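Subject: Structure for you to look at

Dear colleague,

I am handing over the structure we spoke about, and I would be glad if you opened it beside this message. Below the structure I go through what was found in it, one place at a time.

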Amino acid sequence: MLTLGIETSCDETSVAVVRSGKDVLSNIVSSSLPLHKRYGGVVPEIASRHHLEAIAPVFKAALDTAGCDLGQIGAVCATFGPGLAGSLLVGTSFARALAFCREVPLVKVDHVHSHIYAACLGRKVPMAFPFIGFVASGGHTDIFFVRDFNRMELMGSTLDDAVGESFDKVARILGLGYPGGPEIEKLASQGDPGKIRFSCANMKGTLNFSFSGIKTAVLYYTKGRKISRALKTDICASFQKAVAGVLIDKVLSACRAKGAGRLFVGGGVMSNSYLRHKLSGACHSNGIEMFMPAKEHCLDNAAMAAGLGFQLLKLRGGHVKPG
Ligand code: KG4
Ligand code: ZN
């Protein structure tokens, strides 16, 4: 079955066509990111207006690229939340209209869960449950025990900033651009991660995170100091190391707590090469099989919604009748 995915939870307008929940035939993404850069963060009203303009051409491009027409689509799978209300409204209304006029199921997809599913895209191996799912994005830092795609139990989460948000805030402190993650990663690759000892709150005995403290530590460190370019690279490298350390520590603890030998990760922060490398190494040493998405599937995209929607439809008839 071909499923059509629609993702408009934040600043990316994305439509995808996926076969059998796995094979990505098209995954078109139009981002309004350049329009937000000057404000240092996503402006909801600008994002919504961009979705309104982009959704129809992105939809057409997704069908054209996949080489199919709407008549071949078996279900429409749209992100219904969490996300920006005005942005979600555009995608979900478009999805409802398509499902209604084609008389196919409309599947409501959770955006955070779909980030975990991204690691399944393009995989030939059959799914084996349960496993630990971990999402590191701009809005979420969540660890789940995944019994199946319909039963994801939250084991730990951030108590304040999301991890991507902490990259964005630290980048802002250092006068770098938005989004902060890629900027910090770039500078960190030239810096010394052992130069400054930043540490992340450990939230001992829990699988929760807190990133507001390390952000404040970076702020205090920069106060009254002359920040040369070289020092900036060291700050970025030291910050990135501390954050990666706590993320890896907690996901491994979650695996141990559940005796889980498999880990699926996703979200924008998982496109960070340093984190990918360190987490792969840690999983390897601990005998944990790790699955992570291709970098382009870490960031917001509709293929993950189309794929997860297909699985939900199979599992529970997780759809509402059109109309
Ligand atoms: O998953 P995503 O595209 O959107 C949300 O659902 O939030 O994640 C966006 C977040 C931003 O905070 C961005 O700074 C962060 O992911 N990010 C990164 C990198 N690329 C994007 N963080 C660290 N390193 C990166 N290379
Ligand atoms: Zn996301």
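To begin with a charge and a ring, Lys258 lies over the face of Phe145, at 4.6 Å from the ring centre, and in a similar way the charged end of Lys108 sits over the ring of Phe80, 5.3 Å from its centre. Please keep in mind as you read that this is a predicted model.

Next comes the metal site, where the zinc ion (ligand 2) has His111 (NE2), His115 (NE2) and Asp300 (OD) as its protein donors, lying 2.0 to 2.1 Å from the ion. The arrangement is tetrahedral because the four donor atoms around the zinc ion subtend angles of 95 to 133 degrees. Since His111 lies in helix 4 (residues 111-117) and Asp300 in the loop between helix 10 (295-298) and helix 11 (303-316), the pair ties together parts that are 189 residues apart in sequence. His111 is buried, with a relative accessible area of 7%, and Asp300 is buried too, at 15%.

Turning to the aromatic rings, the count comes to 11 aromatic pairs. Among them is the edge-to-face pair of Phe167 and Phe239, with 5.1 Å centre to centre and 75 degrees between the planes. Phe167 belongs to helix 5 (residues 163-173) and Phe239 to helix 8 (residues 229-258), so this pair ties together parts that are 72 residues apart in sequence, and both Phe167 and Phe239 are buried. Finally, one aromatic cluster is formed by Tyr117, Phe129, Phe131, Phe149, Phe264 and Phe291.

With best wishes

Notes
Residues numbered from 1 in each chain as written. Chains lettered and ligands numbered in written order. Predicted model: local features only at pLDDT ≥ 70, side-chain atom pairs only at ≥ 80, totals over all residues. Heavy atoms only, no water. Donors = N, O, S within 2.8 Å, 3.2 Å for Na, K, Ca; no water. Tetrahedral: all angles 85-135°; square planar, octahedral: opposite > 155°, others 65-115°. Helix = DSSP H or I, 4+ residues; strand = E, 2+ residues; numbered from the N terminus. Buried < 20%, exposed > 50% of the residue type's maximum accessible area, 1.4 Å probe, protein only. Phe/Tyr/Trp six-rings, centres within 6.5 Å; stacked < 30°, edge-to-face > 60°. Lys NZ or Arg CZ within 6 Å of the ring centre and 35° of its normal.
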